[in-house]
Amino acid sequence: NMQLVETEANLMEVFEDIKTMIDGQIKSKQLKFFLDMENVVDENIYCDVTRLHQVILNLLSNAVKFTNPGDTVSVEVSQLPNAPKGNGLYEIRVKDTGIGISADFLKKIFEPFERERSSTVSQIQGTGLGMSIAKNIIDMMGGSIEIESELGKGSTFIIQLAFRLREKQEEVVAQNEQYENVTEEVRKT
């Protein structure tokens, strides 16, 4: 019975918050972390920030769990072309150089209570619900999620989401000035 609650947001600030939230886990595991925003022209959007945080933090927490000290976890956010009018289309890649996921488990990774069965993974705590919940949220947002992974080489989770764009502040100011000028002209007549 989850519902989305869209609010005004700035994409850069959303991901800076996520970076701050995951920083302790990154440092305690001694990982390298990178956050890259590429070709993001429209940062001001409407989205359910809490749910977006939940999805990305879930993916990052898994990346941290399954990546060895000294290795790398990263988030890349890019804006894609051909978004519907009034929207921005974004791709978010959460990558790690961790243990990777077997081809057999990739087929059922989004099923509730599923966890990969291996000696490495069985020693790591988890319910097997995180990926199922993340997929449900992405589906609710009208997006998609794909996974590229190879055992021993890491994983990349690729999310695509469209968000309604907020008007740029300069446009709002210009529209207000234009309205005031028209109003002034009407008063004079």
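A crossing of two helices is called right-handed if the near helix is turned clockwise from the far one by less than a right angle. Keep that in mind for the first stop on this tour of a predicted model.

**Stop 1: two helices**

Select residues 11-28, which form helix α1, and residues 49-65, which form helix α2. Their axes come within 10 Å and cross at roughly 35°, and the crossing is right-handed. Now show the side chains where they meet. On the α1 side, pick Val14, Phe15, Asp17, Ile18, Met21, Ile22, Gln25 and Ile26. Facing them from α2 you'll find Val49, Leu52, His53, Ile56, Leu57, Leu60, Ser61 and Val64. Colour this contact by residue type and you should get 12 nonpolar, 3 polar and 1 charged.

**Stop 2: into the core**

Stay on Phe15, and bring up Ile92 as well. In the largest nonpolar core, which has 42 residues, these two touch the most other members. Which helix or strand gives this core its largest share? That's α2, with 9 residues. Zoom in on Phe15 and leave out anything up to four places away in sequence: what remains in touch with Phe15 is Leu35, Ile56, Val75, Val77 and Ile92. You've already met Ile56 in the helix contact.

**Stop 3: a pair of rings**

Next, select Tyr90 and Phe163. A search of the whole structure turns up 1 aromatic pair, and here it is: the ring centres are 5.9 Å apart and the planes sit at 40°, so the pair counts as tilted. Tyr90 is in strand β5 (residues 87-96) and Phe163 in strand β7 (residues 154-165), so to speak a link between distant parts of the chain, 73 residues apart. Both rings' residues are buried.

**Stop 4: along β7**

Stay in strand β7 and click on Thr156. Is Thr156 buried or exposed? Its relative accessibility is 11%, so Thr156 counts as buried, the cut-off being under 20%. Show what's around it, again skipping residues up to four places away in sequence: Thr156 touches Arg93, Val94 and Lys95, plus Glu146, Ile147 and Glu148.

**Stop 5: out to a loop**

Finish at Pro81, in the loop between β4 (72-80) and β5. With a relative accessible area of 59%, Pro81 is exposed. Select Asn39 too and draw a distance between the two C-alpha atoms: you should get 9.8 Å, although Pro81 and Asn39 are 42 residues apart along the chain.

Notes:
Residues numbered from 1 in each chain as written. Predicted model: local features only at pLDDT ≥ 70, side-chain atom pairs only at ≥ 80, totals over all residues. Heavy atoms only, no water. Axes fitted to C-alpha atoms, helices over the stretch in contact; angles between N-to-C directions. Helix = DSSP H or I, 4+ residues; strand = E, 2+ residues; numbered from the N terminus. Contact = heavy atoms within 4.5 Å. Nonpolar A, V, L, I, M, F, W, Y, C, P; charged D, E, K, R; others polar. Core = buried A, V, L, I, M, F, W, Y, C linked by side-chain atoms within 4.5 Å. Buried < 20%, exposed > 50% of the residue type's maximum accessible area, 1.4 Å probe, protein only. Phe/Tyr/Trp six-rings, centres within 6.5 Å; stacked < 30°, edge-to-face > 60°.
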